[in-house]
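Visitor: Please take me through a close look at a single part of this model, together with whatever it packs against. I would like the cut-offs stated as you go.

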Amino acid sequence: MDDLVYKKHRINPSSGLSSESNQLNVDKLGESSMPSLEKLQEKQRSELLEMSQVRYGFKGSKVEILFAPLEIVKTMSEAQVFKILLNSPEHERADQVLYALAKGALDASMANQILSGLALLSKFKSIRHA
């Protein structure tokens with residue numbers, strides 16, 4: 001039967017390496033197998049961009065858009081984009097951000113931050129009404 005208690009992997013003491021050098025080897029292995037936060041964030045941004053481009057027909061087949069796209073431009077700040085979004089219907093806001101990302105009016109990092117902010121606003125609204 002498997003033991004449900006975590007046990008640290010022990011390095012064979014007969015290998016002739018000191019415990020310090022063994023720990024360095026383990027650390028190096030751990031570092032190389034784990035991607036950095038920067039790499040994970042970049043992967044997330046590229047996947048978000050690709051998903052939005054596919055969703056709105058910039059990549060792949062043509063798609064019919066059922067909302068009037070907002071006038072979001074690349075030079076706008078996050079606060080300006082939020083101001084425009086708050087004047088649009090709540091159920092369209094995330095789609096507006098993804099559409100702006102897909103057409104190149106927002107970069108993936110800002111779009112990700114705005115989508116996170118919209119999610120937080122939605123949570124606060126549901127807490128307030130509960």
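Guide: A residue is called buried when its relative accessible area is under 20%, exposed when over 50%, and partly exposed in between, using a 1.4 Å probe and protein chains only. This is a predicted model, in which local features need pLDDT of at least 70 and side-chain atom pairs count only at pLDDT 80 or more, while totals for chains, interfaces and linings use all residues. Residues are numbered from 1 along each chain as its sequence is written, and side-chain values use heavy atoms, with hydrogens and water left out.

The part to look at is helix H4, residues 93-103, where helices (H or I, at least four residues) are DSSP runs numbered from the N terminus. H4 is mostly covered, since nine of its 11 residues are buried; they are Arg93, Asp95, Gln96, Val97, Leu98, Tyr99, Ala100, Leu101 and Ala102. These buried residues pack against H2, H3 and H5, contact meaning heavy atoms within 4.5 Å. Just after H4, Gly104 takes a positive phi of about 95 degrees.

Much can be followed through the largest nonpolar core, which has 22 residues; such a core is a set of buried Ala, Val, Leu, Ile, Met, Phe, Trp, Tyr and Cys residues joined through side-chain atoms within 4.5 Å. Ile72, Val81, Leu85, Val97, Leu106 and Ile114 are the residues with the most contacts inside the core. Helices H3 (78-86), H4 and H5 (108-129) each supply at least two residues of this core, and the largest share, six residues, comes from H4. Seen from Ile114, and leaving aside its neighbours within four places in sequence, the contacts are Glu78, Val81, Phe82, Leu85, Val97 and Leu106.

The polar links of H4 begin with Asp95, whose side chain meets that of Arg55 in a salt bridge (2.7 Å, N to O), a term that requires a side-chain nitrogen of Lys or Arg within 4 Å of a carboxyl oxygen of Asp or Glu. This pair links distant parts of the chain, with Asp95 in helix H4 and Arg55 in helix H2, 40 residues apart. Asp95 counts as buried at 18% relative accessibility, whereas Arg55 is partly exposed at 41%. Farther along the same theme, H2 (residues 37-55) also holds Arg45 and Glu42, which are separated by about one helical turn because they are three residues apart, and their side chains meet in a salt bridge at 3.2 Å, N to O.

In the loop between H3 and H4, Glu90 is joined to Lys125 of helix H5 in a salt bridge (2.8 Å, N to O), and this pair again links distant parts of the chain, 35 residues apart. Both partners are partly exposed, Glu90 with a relative accessible area of 40% and Lys125 with 35%. A search of the whole structure finds four salt bridges, the three described here among them.

On the outer side of H3 and H5, Leu86, Leu120, Leu121, Phe124 and Ile127 make a nonpolar surface patch of about 510 Å², with areas from the Shrake-Rupley method and a 1.4 Å probe, for residues counting only the protein chains shown as cover. Patch members have over 30% relative accessible area and no salt bridge, with like charges joined within 9 Å and nonpolar side chains (Val, Leu, Ile, Met, Phe, Trp, Tyr) within 5 Å. H5 gives the most to this patch, with four residues, while Leu86 lies in helix H3 and is partly exposed at 44%.
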